[in-house]
There are 2 protein chains.
Amino acid sequence: MKVLIVFAHPEPHSLSAALRDVAIRELETAGHEVRVSDLYAMNWKAQVDRADFPALTEDRLMPAAASKHAFATGTLTDDVKAEIDKLLWADLLILHFPLWWYAMPAILKGWVDRVYAYGFAYGVGEHSDTRWGDRFGEGTLAGKRAMLIVTAGGWEEHYSPRGVNGPIDDLLFPITHNILYYPGFDVLPSFVTYSTDRFDDARFEAAAEALRQRMRDVETTAPIPYRKQNGGDYVIPTMQLKPGLEAPGTSGFALHRRG
Amino acid sequence: MKVLIVFAHPEPHSLSAALRDVAIRELETAGHEVRVSDLYAMNWKAQVDRADFPALTEDRLMPAAASKHAFATGTLTDDVKAEIDKLLWADLLILHFPLWWYAMPAILKGWVDRVYAYGFAYGVGEHSDTRWGDRFGEGTLAGKRAMLIVTAGGWEEHYSPRGVNGPIDDLLFPITHNILYYPGFDVLPSFVTYSTDRFDDARFEAAAEALRQRMRDVETTAPIPYRKQNGGDYVIPTMQLKPGLEAPGTSGFALHRRG
């Protein structure tokens with residue numbers, strides 16, 4: 001497979017970087033081709049602003065409209081175009097980051113905000129009363145796989161189903177479902193390590209071995225069974241899950257997984 | 001009250017900016033004092049990196065440790081110190097942003113990542129087997145109020161309890177509970193407007209009037225009834241909600257609201 005790792009940690013000698021290198025070695029050993037977008041090393045521009053749309057002639061910046069025009073006319077900036085080309089090249093996308101305030105670091109959110117152009121990652125397909133786009137299981141990136149590698153400073157129990165932080169799969173749902181599944185990726189379960197501020201060599205090796213196993217299985221691991229928007233489970237165009245499809249008592253994000 | 005609005009939209013003539021000005025006028029008319037951190041206008045630096053810790057002597061940047069040291073020794077950068085002073089000054093914090101990919105724009109996430117220093121917003125209070133910090137309802141910012149003003153391009157139905165995006169309150173929970181409640185804020189219900197790409201004058205006026213009402217009520221609106229971490233509802237130190245406290249069938253983020 002062709003693998004793109006988008007990596008977001010400012011320290012080249014961090015635990016995150018060490019795990020990234022473990023993943024790269026395992027993938028390359030298995031014959032996969034790996035490219036890395038190391039956002040800090042690239043000095044990636046995080047904020048969406050007018051400079052992203054050099055061909056914009058309107059006085060007023062409307063980000064979605066500007067993105068649509070720039071993608072359609074090939075006038076996105078070169079750094080964004082290069083990332084889009086990498087996404088089109090890859091069979092597997094890995095977003096690899098430390099969980100900062102229960103979400104992606106700003107620099108990685110800025111990668112999503114800027115690279116996910118209108119017409120590329122959203123605004124794809126027919127939008128009408130009978131169809132609301134190719135998204136959530138369809139879209140430009142359909143047929144490709146994606147997953148998260150996340151390091152969290154807090155305790156695993158704090159992210160458990162009853163933990164005060166909220167369950168980790170729910171905290172990551174806005175990324176796995178709404179950023180990765182949205183433009184079509186099949187999303188694999190996230191790989192998360194906890195209490196990373198208190199890692200010793202033994203814990204690192206255990207995490208590294210678990211990560212190696214995930215990398216060995218990456219072509220065959222079953223994706224999270226999210227429901228396709230256009231697979232018949234949702235009312236169109238309000239996109240609400242039809243009654244009675246879920247197991248009794250299911251609510252919230254869990255509604256959008258089958259079975 | 002003293003009100004700090006942290007605002008994150010790149011266009012001074014955007015719908016978001018117009019709503020911000022509506023809020024400011026209403027607050028000032030009621031006699032409140034308002035300050036605005038307009039992140040784009042300030043050219044706010046989004047990414048956490050080594051430049052945030054000018055006194056750092058270690059070769060390796062460990063962000064939490066560096067933040068702890070810089071806060072304790074008064075060596076945070078001036079832009080971060082100024083935001084911390086504004087937070088200490090304010091009685092009410094408003095984070096005001098467009099929902100981009102179901103989350104904050106990168107520049108605002110970078111405000112959180114950089115301003116929420118160790119010792120200020122986290123790492124506060126005793127951490128032991130019998131107490132895990134002053135957080136989730138306690139902390140440096142306890143006694144203050146906070147809320148979100150959010151503009152979303154998508155349909156309201158898509159964010160409803162069964163909508164494909166996930167329920168809006170769950171999408172915002174990582175901010176309202178894990179960023180605002182965490183350091184002690186009482187968090188008011190979020191103010192959200194939908195389908196903002198299709199606003200006409202009548203819809204703007206309706207949204208503006210609803211926002212004015214929220215601003216008029218801001219001192220008396222009941223906060224979201226999140227559970228205090230140290231209020232007896234959680235097992236310490238694993239911070240899991242004790243059995244039997246929730247209504248039958250409750251799961252996920254909703255566990256952390258009383259009643």
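A residue is called buried here if 20 or more other C-beta atoms, placed from the backbone, lie within 10 Å of its own, exposed if 12 or fewer do, and partly exposed in between. The model is predicted, with local features requiring pLDDT of at least 70 and side-chain atom pairs pLDDT 80 or more, whereas totals for chains, interfaces and linings use all residues. Residues are numbered from 1 along each chain as its sequence is written, and chains are lettered from A and ligands numbered from 1 in the order in which they are written.

**View 1. Strand S4 of chain B and its partner strand S3.** Seven of the seven residues of S4(B) (residues 145-151; strands are DSSP runs of E, at least two residues, and helices runs of H or I, at least four, numbered from the N terminus) are buried, so the strand is largely enclosed by the rest of the structure. B:Arg145, B:Met147, B:Ile149 and B:Thr151 cover one side, and B:Ala146, B:Leu148 and B:Val150 the other. S3(B) (residues 92-98) runs parallel to S4(B) and is joined to it by seven bridges, where pairing requires at least two DSSP bridges; B:Leu92 has B:Arg145 as its bridge partner.

**View 2. The side of chain B that touches chain A.** Chain B contributes 55 residues and chain A 56 to the contact, which is counted where C-beta atoms, placed from the backbone, lie within 7 Å. On the chain B side, helix H4 (106-115), helix H5 (168-181) and strand S8 (240-241) each supply at least two residues.

Notes
Contact = placed C-beta atoms within 7 Å.
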